[in-house]
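Let's take a walk through a protein together, one stop at a time. Keep the 3D view open and turn it as you read.

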Amino acid sequence: MAVMLALLLAAGCGPPDRPYTPGGVATPVTGETAAAPAPTPAQGKTVDVGDELKVKVEKGTAGALQRLFADYYVERWKAVVTSDTGYLRHVEPSVIPQAGEWVRGFADRQESARGVARLYRLRITSVMGKGAQVDTCVDERGVRLVSTPTGKAVAPQPDWVRAPYLQTVLAHRGDDGVWRIREFRQDKEGCT
């Protein structure tokens with residue numbers, strides 16, 4: 001038994017890393033309350049989206065379905081900063097107008113963003129046939145909207161930068177085998 005446990009630990013099957021939670025308090029594995037430091041980039045990855053905007057993504061996004069929202073989220077912010085449209089490859093054609101409207105809103109208002117956004121607790125909630133639900137906690141409290149002409153912070157800042165929220169995406173796997181987002185849902189509850 002001890003040999004099996006040693007082999008499992010050596011193979012990387014040890015206890016999972018504690019996920020990021022706002023304020024640096026780890027989600028207890030056993031139901032006990034425990035404090036832990038905020039995650040470092042070694043525990044996940046930090047993506048530079050623009051000169052002054054980064055997205056930290058928690059470790060554990062190895063599969064295509066797990067990466068779906070994280071990749072979309074990073075590339076959507078990249079579109080705000082650089083006008084790149086790569087983010088649209090992650091959504092079904094029926095969602096393109098909704099996704100594009102969010103990005104165009106920044107250009108129309110002459111706004112961009114600075115700071116650090118965090119994605120944590122990325123989890124596949126269900127998979128049924130060619131459909132799936134993926135839930136992700138989004139913490140944008142470290143993001144500030146700024147005026148592109150002046151570089152100064154926009155006042156007032158939008159509500160969504162004040163508290164973490166739960167982002168749910170309903171995904172569909174096409175005949176080409178690629179998962180794409182079919183629907184977005186947000187909830188203020190579930191990521192405290």
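What follows is a tour of helices, rings and a sulfur link. Before we set off, keep in mind that this is a predicted model.

Let's start with helix H2, which covers residues 64–82. Find Phe69 and Tyr72 there: they sit 3 residues apart, about one turn of the helix. Are these two buried or exposed? Both Phe69 and Tyr72 turn out to be buried.

Now look at their rings. The structure holds 8 aromatic pairs. In the case of Phe69 and Tyr72, the ring centres are 6.3 Å apart and the planes are at 40°, so this pair is tilted. To follow the reasoning, you need the cut-offs: planes under 30 degrees apart would count as stacked and planes over 60 as edge-to-face, with the rest called tilted. Phe69 and Tyr72 also belong to a cluster, in which ring pairs link them with Tyr73, Tyr87 and Phe184.

Next, bring a second helix into view. Two packed helices are described by the angle between their axes and the distance between the axes. Here the partner of H2 is helix H3, made of residues 96–109. The axes of H2 and H3 come within 9 Å and cross at roughly 35°, and the crossing is right-handed. Which residues meet where the two helices touch? From H2 come Tyr72, Arg76, Trp77, Ala79 and Val80, while H3 brings Ala99, Trp102, Val103 and Phe106. You've already met Tyr72 as the ring partner of Phe69.

Two of those contact residues deserve a closer look. Arg76 lies over the face of Trp102, at 3.7 Å from the ring centre. Phe106 has an arginine over its ring face too: Arg109, at 5.0 Å from the ring centre.

Before leaving H2, stop at Thr82, which is found in this helix. Thr82 is partly exposed, with a relative accessible area of 43%. Its C-alpha atom is separated by 7.7 Å from that of Gly50, although the two residues are 32 residues apart along the chain.

Our last stop is a sulfur link. The structure holds 1 disulfide, and it joins Cys137 to Cys191, with an S to S distance of 2.0 Å. This pair links distant parts of the chain, 54 residues apart: Cys137 is in strand S4 (residues 131–147), and Cys191 is in the segment after strand S6 (179–187). With -85° about the S-S bond, the link is left-handed. Like Phe69 and Tyr72, Cys137 and Cys191 are both buried.

Conventions. Residues numbered from 1 in each chain as written. Predicted model: local features only at pLDDT ≥ 70, side-chain atom pairs only at ≥ 80, totals over all residues. Heavy atoms only, no water. Phe/Tyr/Trp six-rings, centres within 6.5 Å; stacked < 30°, edge-to-face > 60°. Helix = DSSP H or I, 4+ residues; strand = E, 2+ residues; numbered from the N terminus. Buried < 20%, exposed > 50% of the residue type's maximum accessible area, 1.4 Å probe, protein only. Lys NZ or Arg CZ within 6 Å of the ring centre and 35° of its normal. Disulfide = S-S within 2.5 Å. Axes fitted to C-alpha atoms, helices over the stretch in contact; angles between N-to-C directions. Left-handed = near helix turned anticlockwise from the far one by under 90°. Contact = heavy atoms within 4.5 Å.
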